[in-house]
Amino acid sequence: MQRYSIFSLARNALTGHRNWQAAWRSPEPRPAYDVVIVGAGGHGLATAYYLAKQHGITNVAVLERGWLGGGNTGRNTTICRSNYLYDESAAFYDHALKLWERLSQELNYNVMFSPRGVMMLAHTVHDVQVAQRHIHANRLNGVDNEWLTPAQAKAFCPPLNLDHLRYPVLGAALQRRGGTARHDAVAWGYARGADALGVDIIQNCEVTGIRREGDRVVGVETGKGFIKAGKIAVVAAGHTSVVMALAGLRMPLESTVLQALVSEPVKPVFPCVVMSNTIHAYISQSDKGELVIGAGSDQYNSYSQRGSFQIVEHTLEAICELFPIFSRMRMLRHWGGIVDVTTDRSPIVGKTPLQGLYVNCGWGTGGFKATPGSGHVFAWTVAKDEPHPINAPFGLDRYRTGRLVDEAAAAAVAH
């Protein structure tokens, strides 16, 4: 792998940047692999990278029906945080956040992680109580979180409006270590790192079947033929139910649309991420100057990547009330991603009833922020055929035992 540095940049500048190596190969699939990963999004590519880097398993193929990072990885709002309520969730997301903090150096690729702070607004007495409960729970788990008065929230984010609001700002919870990262760069960085370790990344290769021999999986049928696999790891985000059905398994998931939109670019004006669970709106500013705006997910099941207009209308109404200085800005583009949601709004990461088949899914609206941590512990699970202590509470067996991790009740929305 060609190492990126200021010196390699200078050397290639002398030749008109014509001698850069391709970031990853485009191989044809081999007949058999030790591990086949279904899905070349951030989680799938991270899993492949850590399988090779941490566990020495390099005979790995990552299969993607479209192009690398073309699913939810390229359709999210790039927020990274770990201030979740329950011990299990806080441990998982904070593990990811610690990996985010050194990921650019790990991959020798700038993922543009920016710990600018994530501020979650409280508008009602109930919001205040919930936020302070979160803060105390986070501190017990060693996760940073602090309470801000309205004046302190305004000082931290000057565009915030505190006057004449339908939902007044009574305070905010702030995680200073939270922030954003560049979604595409994360996929590209992990792809480049995994490829350099010998992993095959095969695009335009849809999985059309999962072949079984009794209670064990033995390979996948694809648009490029049958590929034998010792183990199969499904990381297909919103289409997990479809892929797992190919193996005869029904998953406790619903797929819905989560929408986002960006504005025309402006000079730096918004210093952090601001979220409001009460009015289901959140906003940050990208490095290009666009305001990145998101909302709650649509209320109906769909595999479409376009959502309903009333969600956008409601969200922009809330944004303009909280930040009236943006009320005359034009929106550039709007899109939707497909999120797979579990009943307790927590992920499923672990083994399945079929030997050799593993699944990483159910992240709902919170998958991007977990990318490095998810890939790290899922690679452990696949390599050792046992859950990592961090993802052990998130197995399928919790639906049998009833030990759910109910972030739906805790957070109302889990962006």
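Student: How many of the 14 residues of helix 2 are buried?
Tutor: Helices (H or I, at least four residues) and strands (E, at least two) are DSSP runs, numbered from the N terminus. A residue is buried under 20% relative accessible area, exposed over 50% and partly exposed in between, with a 1.4 Å probe and protein chains only. Helix 2 is mostly covered, and its buried count is 11.

Student: What kind of model is this?
Tutor: Residues are numbered from 1 along each chain as its sequence is written, and side-chain values use heavy atoms, leaving out hydrogens and water. Local features need pLDDT of at least 70, side-chain atom pairs count only at pLDDT 80 or more, and totals for chains, interfaces and linings use all residues, the model being predicted.

Student: How far apart are the end C-alpha atoms of helix 2?
Tutor: The expected span of a helix is 1.5 Å times one less than its number of residues. For the 14 residues of helix 2 (residues 42-55), that gives 20 Å. The model agrees with this, its end C-alpha atoms being separated by 19 Å.

Student: Which residue just after helix 2 takes a positive phi?
Tutor: The buried residues of helix 2 include Y49, Y50, L51 and A52. Just past the helix, phi turns positive, at about 70°. The residue is G56.

Student: Within what arc do the buried residues of helix 9 fall?
Tutor: Helix 9 (residues 309-322) has 14 residues and reaches 20 Å, close to the 20 Å expected. I311, V312, T315, A318, I319 and L322 are buried in helix 9. They line one face of the helix, because their arc, taken from the directions from the helix axis to the C-beta atoms, is 130°.

Student: Which residues on the other side of helix 9 are exposed, and what covers its buried residues?
Tutor: F309 and Q310 are exposed on the other side of helix 9. Contact means heavy atoms within 4.5 Å. The cover over the buried residues includes strand 4 (118-122), strand 12 (254-263), strand 14, strand 15 and strand 16.

Student: How many salt bridges are there?
Tutor: Side chains of opposite charge can pair when their charged atoms come close. A salt bridge here is a side-chain nitrogen of Lys or Arg within 4 Å of a carboxyl oxygen of Asp or Glu. By this rule the count is 19.

Student: How many residues apart are R177 and E101?
Tutor: R177 and E101 form a salt bridge, with the closest N and O atoms 3.0 Å apart. R177 sits in the loop between strand 6 (171-175) and strand 7 (179-180), E101 in the loop between helix 3 (87-100) and helix 4 (103-107). The pair thus links distant parts of the chain, and the separation in residues is 76.

Student: Is E290, the partner of R333, buried or exposed?
Tutor: R333 and E290 meet in a salt bridge at 3.2 Å, N to O. R333 lies in strand 16 (residues 331-341) and E290 in the loop between strand 14 (281-285) and strand 15 (291-295), so the bridge ties together parts 43 residues apart in sequence. R333 is partly exposed at 40%. E290 has a relative accessible area of 8%, so it counts as buried.

Student: Which residues are joined into one network by salt bridges that share partners?
Tutor: R177 and E101, already paired above, both belong to the network. The full set is D94, K98, E101, D144 and R177.

Student: How much accessible area do I6, F7 and L9 have together?
Tutor: Patches are made of residues with over 30% relative accessible area and no salt bridge; like charges are joined within 9 Å, and nonpolar side chains (Val, Leu, Ile, Met, Phe, Trp, Tyr) within 5 Å. Areas come from the Shrake-Rupley method with a 1.4 Å probe, and for residues only the protein chains shown count as cover. L9, in helix 1 (residues 6-13), is partly exposed at 42%. The nonpolar surface patch of I6, F7 and L9 adds up to about 350 Å².

Student: Is N204 buried or exposed?
Tutor: N204 has a positive phi near 55° and is not glycine. N204 is placed in the loop between strand 8 (200-202) and strand 9 (207-213). At 58% relative accessible area, N204 is exposed.
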